[in-house]
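Hi,

Here is the structure I promised to pass on. Have a look at it first, and then read my notes below.

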Protein chains: 2
Amino acid sequence: MTRPLAVAVAGLGTVGAGVLSVLRTNAELIAARAGRPIAVTAVSARERSRDRGVPLAGLRWYDDPVAIAADPAVEVVVECIGGSDGPAKALVEAAIAAGKPVVTANKALLAVHGAALARAAEVRGVALAFEAAVAGGIPAIKGIREGLAANRMQRLAGILNGTCNYILTTMRERGREFAEALAEAQKLGYAEADPSFDIDGVDAAHKLAILAAIAFGRPVDFSAVHVEGIREVSALDIKLAEEMGYRIKLLGIAKREESGISTRVHPCMVPAGAPIARVDGVFNAVVAEGDFVGRIVMEGRGAGAGPTASAIVADLVDIARGRFTPVFGAESAALDPTPAIPMERHAGCYYLRLMVVDRPGVIADVTGVLRDHAISLESMLQRGRAPGEAVPVVLITHDTGEAAVRHALKQIEALDAVLEKPALIRIEPL
Amino acid sequence: MTRPLAVAVAGLGTVGAGVLSVLRTNAELIAARAGRPIAVTAVSARERSRDRGVPLAGLRWYDDPVAIAADPAVEVVVECIGGSDGPAKALVEAAIAAGKPVVTANKALLAVHGAALARAAEVRGVALAFEAAVAGGIPAIKGIREGLAANRMQRLAGILNGTCNYILTTMRERGREFAEALAEAQKLGYAEADPSFDIDGVDAAHKLAILAAIAFGRPVDFSAVHVEGIREVSALDIKLAEEMGYRIKLLGIAKREESGISTRVHPCMVPAGAPIARVDGVFNAVVAEGDFVGRIVMEGRGAGAGPTASAIVADLVDIARGRFTPVFGAESAALDPTPAIPMERHAGCYYLRLMVVDRPGVIADVTGVLRDHAISLESMLQRGRAPGEAVPVVLITHDTGEAAVRHALKQIEALDAVLEKPALIRIEPL
């Protein structure tokens, strides 16, 4: 067996420490699969004294992560710092400039700066690997970018954020409101103290942007992703969805349409029988549809030290073996220039739920607005009778354009009898 | 872009013709992902005149597939002939001997001769790729062998044969008996005229042997796989399973136990809520459990021209890119010598279903035999009352050894009041 591959790990939080732990625990079998041992020889973190549950003796310590890139004895840099800018970006840029392969779990960095980083890596001819950035331990990047390489991909859909999925699952299973379920997720460590990154859909949007880039072979374009989170999903809508045979999931969806690629993250109603509807709790899932392979579903843990480190070490094994894949599946010159489609041009079926005063003429007013916008209804359902009181009314539209629905909803919201902001959830035929 | 990779396809049945079709249809994007065009330049098949739906003009034709290996203009050989021996084996051996990478969809060949072929490929330093041999379009080989390379695998379970899964699904959904469901599958083209290879579990066992080899990093060992098919599964047992919250699936299961690796294919009762229980019809699924990643589930079409060709072309893209992985994930010298565990040493819970004469004393006789074999029961259920007539009796055991159950069942079968061969289905806690 040859000389070990010398790896530096920058950032020793849960994930960074997890990488050290995996490489120690399974050293022998990883060496067999990599064709050579993989050894961490240098690390960087802010606090030197903290106990991270893994021995650090004998490893070169860097207070400044960027300095790792210049260490001539480091062959590969693993970036576990996080954040789209700051030291994570500086380190990845420096490592690529120094001609060193980089492995990162950093979805924000990839989503925001991935196009430029990919070009830099291509110029230097080094690997920039990021299996851990999307869907944790699920080999989704490898599965799609290499495993489905023969296919023109048509659609991708994923449950990409475990925090949101845990909250929505708790709301459904225990009839909780959003705020309660969030508090519970925070107590269990499934949501951060400041949860906005997860619950506002930003994290899922980072991951979707990356998945869409590799599936459709185009530079990552986070700015094109339409993003909505789950703050406005109510227990009532989850219950009504259940009664109609749907589940509400926060999905990231990328689709090849006639005029380009659409990418969006928002709460969706999916048929309760669809495989993705049953992916509950902190689990993630990715559905990919290709022209020859049909539909592939991959499911597993989307976060946590073990699954994330598993993905990072898989990238290290690829590098040790010399297995190389361009960042977005093909060299820049061969990437697909298909344009992005803005959300205003989305079309589909909508679930609209109003809270109205139960009195004659209200439904006529509401449906009149829809008619004026040429929106046709598949069904309308008033839940309960309470003359003069507030009752929920559900409207399910036929295939309709996003812009028309938005305009109509603004007018409906302004009606006297409509008591609060209407709920809008798109129905996805998965 | 560089010179095309010259590929020969031997065998132009559904799969071989599918490969030509995929390479034509998606030529441009495959070239982008492969870094160079992939061009079929030679083919071999028995009948020259048959219309296969793909143009063959300009391709060199070989009547003898083995001769392809000697064609100096062929760089990669794709074997789509099938069969564990005969021309498929001769061609793969000749291609490896000639130093040419081989891509094959041939699970029988890999399962039976894979250990020797892997050694030959290693000696010559060429790739022997077989993504299409297991689970059709699902990137299961790549997902496990590369994507989960950081993990010590603990268990694998899979629905690996679409024919059996279609038959079992039809039996459950429409209350059909096995023979009727088989006839229907044959009419729809989901089962062959001679279906024994599928329904007796041999095809699933070939695939399981291959999956176990790559997951546990050991040479493939088909002879160690315990194999039972679905001929004896009855509509009654499917109905009883459903009532108890289970579904009956033909699973291939490989497990790391204290003393070695067990591999078995047989009908299983799995909890109706398990992801794999909901994989119906001709779909396949693979569940893999690793020490760090936890449980990963992959699901998709397990057969058909499109999915199988998708997997073959993915292997070609790997070869074009120079991405190389040893056949069983590591070089021979680094493979795991863990022994195989025979089925007699299996332990688990069992569903036993008897057809007995409804009269006093019968249950005492049956449970007496179980007591004599130290088999303890979790539950016993007699369905209906019909004094003097035949009634089904279901026994669910606690954790029990296979050998004891087999001995006990033989004695129970010999009891006067037991009217037919008892049904035995193992319960799998997925």
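**Strands and helices at the far end of chain B**

In chain B, strand β13 (residues 347-357) runs antiparallel to strand β15 (residues 390-397), and seven bridges hold the pairing. If you want a spot to click on, B:Leu354 has B:Val393 as its bridge partner in β15(B). Before going on, please keep in mind that this is a predicted model.

β15(B) has another partner as well: strand β14 (residues 377-382) of chain B pairs with β15(B), again in the antiparallel sense, over five bridges. Here you can look for B:Ser379, whose bridge partner in β15(B) is B:Ile396.

Two helices come from this part of the chain too. Helix α12 (residues 362-372) and helix α13 (residues 402-413) of chain B pack with their axes 9 Å apart, at an angle of about 155 degrees. Angles over 145 degrees count as roughly antiparallel, so that is what α12(B) is to α13(B). The crossing of α12(B) past α13(B) is right-handed. On the α12(B) side you will find B:Val366, B:Val369 and B:Leu370, and they meet B:Ala408, B:Gln411 and B:Ile412 of α13(B). Sorted by class, this contact of α12(B) with α13(B) comes out as five nonpolar residues, one polar and no charged ones.

**The parallel sheets**

Now to the sheet with the lower strand numbers. In what order do the six strands of the open sheet in chain B lie? The order is β3-β2-β1-β4-β5-β6, with parallel pairing. At the edges are β3 (60-62) and β6 (128-129) of chain B, each of which pairs on one side only. Further in, strand β1 (residues 5-10) and strand β4 (residues 76-79) of chain B are paired in the parallel sense over four bridges. B:Val7 is a handy marker there, as it stands opposite B:Val76 in β4(B).

Chain A has an open sheet of six strands as well, in the order β3-β2-β1-β4-β5-β6, and its pairing is parallel. Its edge strands, β3 (60-62) and β6 (128-129) of chain A, have a single partner strand each, so one side of each has no neighbour in the sheet. Helix α3 (residues 86-97) of chain A packs on this sheet, where it touches β1, β4 (76-79), β5 (102-104) and β6 of chain A. The direction of α3 makes about 165 degrees with that of β4(A).

Within the sheet, strand β1 (residues 5-10) of chain A is joined to strand β2 (residues 38-44) of chain A by six bridges, and the two run parallel. A:Val9 pairs there with A:Val43 in β2(A).

**Where the two chains meet**

How many residues does each chain bring to the contact? Chain A gives 47 residues and chain B gives 47 residues. On the chain A side, α2 (27-34), α5, β12 (294-301) and α11 (305-321) each supply at least two residues. The biggest giver is α11(A), with nine residues. By class, the chain A side holds 23 nonpolar, 13 polar and 11 charged residues.

Two pieces of this meeting are worth zooming in on. One is a strand pairing across the chains: β12(A) and strand β12 (residues 294-301) of chain B are antiparallel and share three bridges. A:Glu299 stands opposite B:Val297 in β12(B).

The other is a pair of helices. The axes of helix α5 (residues 140-147) of chain A and helix α5 (residues 140-147) of chain B come within 10 Å and cross at roughly 130 degrees. That angle makes α5(A) oblique to α5(B). The crossing of these two helices, α5(A) and α5(B), is right-handed. Its contact is made by A:Lys142, A:Gly143, A:Glu146 and A:Gly147 on one helix and by B:Lys142, B:Gly143, B:Glu146 and B:Gly147 on the other. Those residues divide into four polar, four charged and no nonpolar.

**How the copies relate**

What turn lays chain A on chain B? A turn of 180 degrees does it, with a shift of 0.0 Å along the axis and an RMSD of 0.1 Å. That is the relation of a two-fold axis. The same surface serves both copies, as 100% of the contact residues of chain A recur in chain B.

Over to you, and happy browsing!

Technical notes
Residues are numbered from 1 along each chain as its sequence is written. Chains are lettered from A and ligands numbered from 1 in the order in which they are written. This is a predicted model: local features need pLDDT of at least 70, side-chain atom pairs count only at pLDDT 80 or more; totals for chains, interfaces and linings use all residues. Axes are lines fitted to C-alpha atoms, for helices over the stretch in contact, and angles run from 0 to 180 degrees between N-to-C directions. Angles under 35 degrees count as roughly parallel, over 145 as roughly antiparallel, 65 to 115 as roughly perpendicular and the rest as oblique. A crossing is left-handed if the near helix is turned anticlockwise from the far one by less than a right angle, and right-handed if clockwise. Two residues are in contact if their C-beta atoms, placed from the backbone, lie within 7 Å. Ala, Val, Leu, Ile, Met, Phe, Trp, Tyr, Cys and Pro count as nonpolar, Asp, Glu, Lys and Arg as charged, and the others, Gly among them, as polar. Two strands pair if DSSP finds at least two bridges between them. Copies are superposed by least squares on the C-alpha atoms of residues with pLDDT of at least 70 in both.
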